[in-house]
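Trainee: I should be grateful for a close look at one part of this structure, namely its salt bridges. Please set out where they lie and what surrounds them.

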2 protein chains.
Amino acid sequence: MEFVDRLLAASEAARSLVCVGLDVDPVLMPMEVLRPAKGGPAAAQDERVAGQGQDRRLAGGGWFSYDAERAVVEFNRAIVDATADLVCAYKPNIAFYEALGLPGLRALEATVSHIRDAAPDCVLIVDCKRGDIGNVATAYATAMFDVWGFDAVTVNPWGGMETVEPWLGRPDRGVFVWCRGSNPGSSDLQDLVVAGGEPVYMRLARDLSALPAQDNLGLVVGATAPEQLADVREVCPDMPILIPGVGAQGGDLEASVRSGVDANGRLAIINSGRGIIYASSGDDFAEAARIAAGELRDGINVTLDDMGLGWG
Amino acid sequence: MEFVDRLLAASEAARSLVCVGLDVDPVLMPMEVLRPAKGGPAAAQDERVAGQGQDRRLAGGGWFSYDAERAVVEFNRAIVDATADLVCAYKPNIAFYEALGLPGLRALEATVSHIRDAAPDCVLIVDCKRGDIGNVATAYATAMFDVWGFDAVTVNPWGGMETVEPWLGRPDRGVFVWCRGSNPGSSDLQDLVVAGGEPVYMRLARDLSALPAQDNLGLVVGATAPEQLADVREVCPDMPILIPGVGAQGGDLEASVRSGVDANGRLAIINSGRGIIYASSGDDFAEAARIAAGELRDGINVTLDDMGLGWG
């Protein structure tokens with residue numbers, strides 16, 4: 001199935017444009033998740049013990065050791081189970097898994113496998129922002145599409161069209177090019193005004209819309225700049241747009257929906273990471289994630305209804 | 001030891017500005033390396049056998065299966081052993097390891113370990129071109145510096161200074177920001193002329209040179225554009241510059257050396273990947289790599305001597 005059709009079907013199934021960013025960080029996880037699967041709560045240790053996996057300093061003093069791989073798998077499993085019927089996509093940022101070493105990557109493998117089982121309709125996007133030239137880009141595409149089996153990736157276009165093209169030509173896999181970030185620093189290079197009077201990110205959007213093979217091409221444009229999102233959507237009316245920054249980063253949700261969706265009110269993927277997965281730092285984190293995901297879905301759908309583009 | 005001092009010492013020890021790009025691809029490796037460590041040559045199979053690790057189609061027909069992890073480790077070990085006294089740095093591009101899955105990453109671990117044993121003076125740069133915002137960049141820095149233990153990284157600055165800053169402030173680890181690529185496509189965004197009349201990559205070089213904490217900051221500028229290299233060197237006179245593109249990509253070596261070194265004829269790292277590691281596709285690949293690395297070192301040193309900046 002083509003990626004765009006798969007995305008449309010996933011959105012329709014959950015009546016949702018919400019994507020959950022699985023940006024795991026054991027430091028932010030509830031202690032409940034870090035505890036050994038069997039047996040009671042582990043005792044605090046007076047000193048940090050090297051070689052016992054990851055550890056965390058306790059508020060009351062002392063250290064607590066845990067198995068990061070197991071913790072990440074359990075945490076993600078609970079989040080996915082609690083949100084699968086409310087969202088159209090999951091987006092792990094691979095940086096957080098790489099930061100845990102090979103155990104983190106094994107935890108990502110297990111998470112991918114669980115999403116396939118528990119949320120088979122959902123699109124699985126890896127936020128990896130890879131960007132390199134020619135044969136290196138081809139190697140990254142092999143890694144993300146063939147080895148990992150992700151449905152879609154984010155790509156960094158700094159090296160030019162040559163760094164984007166090796167990802168294309170696979171209609172079943174989505175490629176979201178990082179066009180305009182949600183962070184303030186994105187303005188440093190992306191907003192520079194070039195000859196002709198437009199910013200670099202708009203030149204990029206135009207160049208991408210002119211590519212011959214773009215069946216599977218999408219864009220990343222932050223929610224923190226809704227007017228820029230509207231400009232990009234005008235130039236690329238039919239591309240899926242992945243929109244980060246509505247949660248912790250404070251982007252305006254209604255403006256993002258109005259600016260980001262296509263003419264049918266679809267093909268926008270609105271991502272929230274910390275705002276959903278760390279909605280509670282207590283044992284009720286999964287229920288809190290479900291509530292936060294549902295509120296985000298409903299908030300988006302109110303705007304879609306208001307635009308006359310609801311789910312019918 | 002500060003990264004810049006470590007780099008200067010590594011260059012001095014080998015009287016060399018050469019970096020070997022360990023861009024492994026089993027498809028390009030000699031059959032000798034792919035064979036099982038013990039026993040005779042494996043027999044060709046009539047059909048591709050799934051689940052037996054990587055495989056390669058034979059020129060004479062049939063398929064040949066091999067263990068990619070073992071092959072990569074053996075290949076890299078032979079290359080490192082053959083070149084350790086001729087070079088100042090090794091630079092694996094992590095994309096090629098990721099393309100082989102977790103076995104590829106385990107092979108990279110073993111390669112790092114071997115380089116530390118066999119070439120303890122050499123600087124170990126991971127070409128990962130990571131680029132993401134705030135807490136994601138911090139996670140990548142943890143992965144590359146703390147988990148992997150690399151001495152230096154390449155970073156993609158598309159997301160602005162905010163994507164570079166989390167890497168800085170560690171004087172013992174080098175950060176090479178991808179400023180101007182060696183590929184033709186680099187011109188798409190990097191060469192766009194911005195208000196003030198300079199290209200984006202020069203604006204970037206200026207912004208980077210103005211950062212407060214830049215003890216460990218360097219740049220990547222391709223050898224295929226020596227005049228651009230000279231412009232960047234003028235703006236950043238004291239930064240290390242990593243220079244790809246002299247080998248297979250056809251950059252002009254003498255012009256790159258003249259344009260790339262600092263006032264003392266140092267702090268340039270001239271990378272060659274395929275030109276060294278695949279200098280021969282036969283069983284003599286390691287000897288051929290040694291010859292190619294030596295020729296590159298000597299070619300650079302002729303220019304340094306001619307500039308009156310030789311090793312004395």
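Mentor: A search of the whole structure, taken over all chains, finds 36 salt bridges in what is a predicted model. A salt bridge here is a side-chain nitrogen of Lys or Arg within 4 Å of a carboxyl oxygen of Asp or Glu. Residues are numbered from 1 along each chain as its sequence is written, and chains are lettered from A and ligands numbered from 1 in the order in which they are written. Local features need pLDDT of at least 70 and side-chain atom pairs 80 or more, while totals for chains, interfaces and linings use all residues; side-chain values use heavy atoms, without hydrogens or water.

I begin within single chains. In chain B, Asp151 and Arg6 are joined by a salt bridge: the closest N and O atoms of B:Asp151 and B:Arg6 are 2.8 Å apart. This pair ties together distant parts of the chain, 145 residues apart, with B:Asp151 in the loop between α6 and β6 (152-155) of chain B and B:Arg6 in helix α1 (residues 3-14) of chain B. Helices (H or I, at least four residues) and strands (E, at least two) are DSSP runs numbered from the N terminus. B:Asp151 counts as buried because its relative accessibility is 7%, and B:Arg6 is likewise buried, with a relative accessible area of 17%. Buried means under 20% relative accessible area, exposed over 50%, and partly exposed in between (1.4 Å probe, protein chains only).

The setting in chain A can be read in the same way. A:Asp306 and A:Arg258 meet through their side chains in a salt bridge of 2.5 Å, N to O. This pair too links distant parts of the chain, since A:Asp306 belongs to helix α13 (residues 285-306) of chain A and A:Arg258 to helix α11 (residues 253-260) of chain A, 48 residues apart. A:Asp306 is exposed, with a relative accessible area of 55%, whereas A:Arg258, at 35% relative accessibility, counts as partly exposed.

I turn now to the pairs that cross between chains. B:Glu98 forms a salt bridge with A:Arg130, in which the closest N and O atoms are 3.0 Å apart. It runs from helix α4 of chain B, which holds B:Glu98, to strand β5 (residues 123-130) of chain A, which holds A:Arg130. Both partners, B:Glu98 and A:Arg130, are buried.

One network deserves separate mention: salt bridges link A:Lys91, A:Asp127, A:Lys129 and B:Asp132. Within it, A:Lys129 and B:Asp132 form a salt bridge with their closest N and O atoms 2.9 Å apart. Between chain B and chain A the count is 4 salt bridges. On the side of chain B that touches chain A, the elements giving two or more residues are α4 (94-98), α5 (102-118), β5 (123-130), α6 (134-147), α7 (161-164), β7 (174-180), α8 (187-190) and α9 (200-209) of chain B. Of these, α6(B) provides the largest share, with 8 residues.

These bridges sit in a wider interface. Chain B brings 53 residues to the contact and chain A brings 53 residues, contact meaning heavy atoms within 4.5 Å. The two chains bury about 4,300 Å² between them, 63% of it on carbon and sulfur atoms. Three residues, B:Leu102, B:Trp158 and B:Leu189, supply 18% of the area that chain B buries against chain A, more than any other three residues. Buried area is the accessible area (1.4 Å probe) that two parts lose on being put together, summed over both.

The arrangement of the two chains completes the picture. A turn of 180 degrees, with a shift of 0.0 Å along the axis, lays chain B on chain A with an RMSD of 0.0 Å. Chain B and chain A are therefore related by a two-fold axis. Superposition is by least squares on the C-alpha atoms of residues with pLDDT of at least 70 in both copies. Among the residues of chain B, B:Val194 comes closest to the rotation axis, its C-alpha lying at 2.2 Å. The same surface serves both copies, as 100% of the contact residues of chain B recur in chain A.
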